[in-house]
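Student: I have a structure to look at, and I would like to know how the words used for it are justified.

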Amino acid sequence: MERHTLSERIRNAEKIVIKVGSARLSGPESEVNDFLFQLVSDIRFLRDAGKEVILVSSGAIARGRLLLSELPSSISSGESLSEKQALAAMGQNRLVNLYDSFFSKVNLSIAQILFGVLDLESKEGYKNLKNTFTQLLRWGILPVVNENDSVATEEVKFGDNDMLSALVSLLVEADLLIILTGVDGFLKEGNTVPFLREVKQEDMDLAGGPSGPGTGGMFTKLKSAGLLSEAGVPTAILNGKKMHVIREFLDKNEIGTLVAPSGNRIFSEEEIKEIIRKNRNGNGGSSQ
């Protein structure tokens, strides 16, 4: 697909999934607030343009750590599974309340969707989750999605929220995935790669792992983008620290890294479940 044709398709995308990583929600309060002001403004802009939006957000464990540090005690947490699960349980409520406080300023109602690998194992679970997304979007509610890390174990996890955002994109039949990160896109020799017609193994070999509080890194972002490319869905990897980066990307499509659709494959329910089975356990760790 030619770049100008793809740019037009992106501008006309009707259903958009946006993924936010932990780093955007775990820094100094002023930086987090600045980011959220930009994010809710851009999502309000998309909604006013008649687009449907789903937000996949990490950050529960990071917010849980913050809450733990504020307690009047000397409690500290490590990296054990039980500690991460407890931090996720503490932080998820704080994370959703934070989003609610910002989105309410632009008159957008949100709904929390927490689910895990086991919730999709049965046909009924898969169907019910898809129906929930459909109904919320029909009502004009913004779904805020995260993996249910307070009960998930390393053996039954999606891997990380980059992969989760790709799976949600397949589930809701999205037209575009936008991944907000802390860098300008996929880098080669220090320069941003603006456009990938497909994700090759040499690109994966160059992509790095996590460098902040999350567990993904560029490797999982390209892996997720490659999966969606097969399904005919473009993925944009953008620097979430830039002002109104989503709006600018949709308008000009000249920033970040855009991974083009290379196919038009329709993934069946069983194929999506098989992707989940292949990617769980060991390809990401905590989605936070």
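The tutor's replies below set values from this structure against the cut-offs behind the words.

Student: What kind of model is this, and how many helices and strands does it have?

Tutor: The model is predicted. The protein has 10 helices and 10 strands. Of its 288 residues, 52% are buried. Among contacts between residues at least 6 apart in sequence, 78% join residues at least 24 apart.

Student: How many aromatic pairs are there?

Tutor: The count is two. One of them is formed by Phe-37 and Phe-102.

Student: What makes Phe-37 and Phe-102 an aromatic pair, and why is the pair called edge-to-face?

Tutor: Ring centres must lie within 6.5 Å to pair, and planes over 60 degrees apart count as edge-to-face. For Phe-37 and Phe-102 the centres are 5.0 Å apart and the angle between the planes is 70°. Both conditions are met, so the pair is edge-to-face.

Student: Where in the chain do the two partners, Phe-37 and Phe-102, lie?

Tutor: Phe-37 belongs to helix 2 (residues 29–48) and Phe-102 to helix 4 (residues 81–103). They are 65 residues apart, and the pair links distant parts of the chain.

Student: Why is Phe-37 called partly exposed?

Tutor: Buried requires under 20% relative accessible area and exposed requires over 50%, with partly exposed in between. Phe-37 has 43%, so it falls in the middle class.

Student: Is Phe-102 buried or exposed?

Tutor: Phe-102 is buried, because its relative accessibility of 6% is under 20%.

Student: What makes you say that the charged end of Lys-105 sits over the ring of Phe-102?

Tutor: The distance part of the rule asks for a charge within 6 Å of the ring centre. The charged end of Lys-105 is 5.1 Å from the centre of the Phe-102 ring. The rule also sets a limit on direction, within 35 degrees of the ring normal. Lys-105 is listed as sitting over the ring.

Student: Why does Lys-84 count as buried?

Tutor: Lys-84, which is found in helix 4, has a relative accessible area of 18%. That is under 20%, so Lys-84 is buried. Its C-alpha is 8.9 Å from that of Gly-64, which is 20 residues away in sequence.

Student: How do you know that strand 9 is largely enclosed by the rest of the structure?

Tutor: Five of its five residues are buried, so strand 9 is largely enclosed. Thr-235, Ile-237 and Asn-239 are on one side, Ala-236 and Leu-238 on the other, and both faces are covered.

Student: What makes strand 9 a partner of strand 5 and of strand 10?

Tutor: At least two bridges are needed for two strands to pair. Strand 5 (residues 176–181) has five bridges to strand 9, and the two run parallel; Ile-178 is bridged to Ala-236. Strand 10 (residues 257–259) has three bridges to strand 9, and these two run antiparallel. There, Thr-235 stands opposite Val-259. Five and three both satisfy the requirement, so strand 9 pairs with each.

Student: Why is Asn-239 called buried, and what does its side chain reach?

Tutor: The relative accessible area of Asn-239 is 9%, under the 20% limit, so Asn-239 is buried. Its side chain reaches the backbone nitrogen of Lys-241 at 3.0 Å. Beyond neighbours within four places in sequence, the contacts of Asn-239 include Thr-181 and Val-245.

Definitions and conventions: Residues are numbered from 1 along each chain as its sequence is written. This is a predicted model: local features need pLDDT of at least 70, side-chain atom pairs count only at pLDDT 80 or more; totals for chains, interfaces and linings use all residues. Side-chain values use heavy atoms; hydrogens and water are left out. Rings of Phe, Tyr and Trp (its six-membered ring) pair if their centres lie within 6.5 Å; planes under 30 degrees apart count as stacked, over 60 as edge-to-face and the rest as tilted. Helices (H or I, at least four residues) and strands (E, at least two) are DSSP runs, numbered from the N terminus. Buried means under 20% relative accessible area, exposed over 50%, partly exposed in between (1.4 Å probe, protein chains only). A polar contact is a pair of N or O atoms within 3.5 Å; within protein, one must be able to donate a hydrogen and the other to accept it, and residues adjacent in sequence count only if both atoms are side-chain atoms. Contact means heavy atoms within 4.5 Å.
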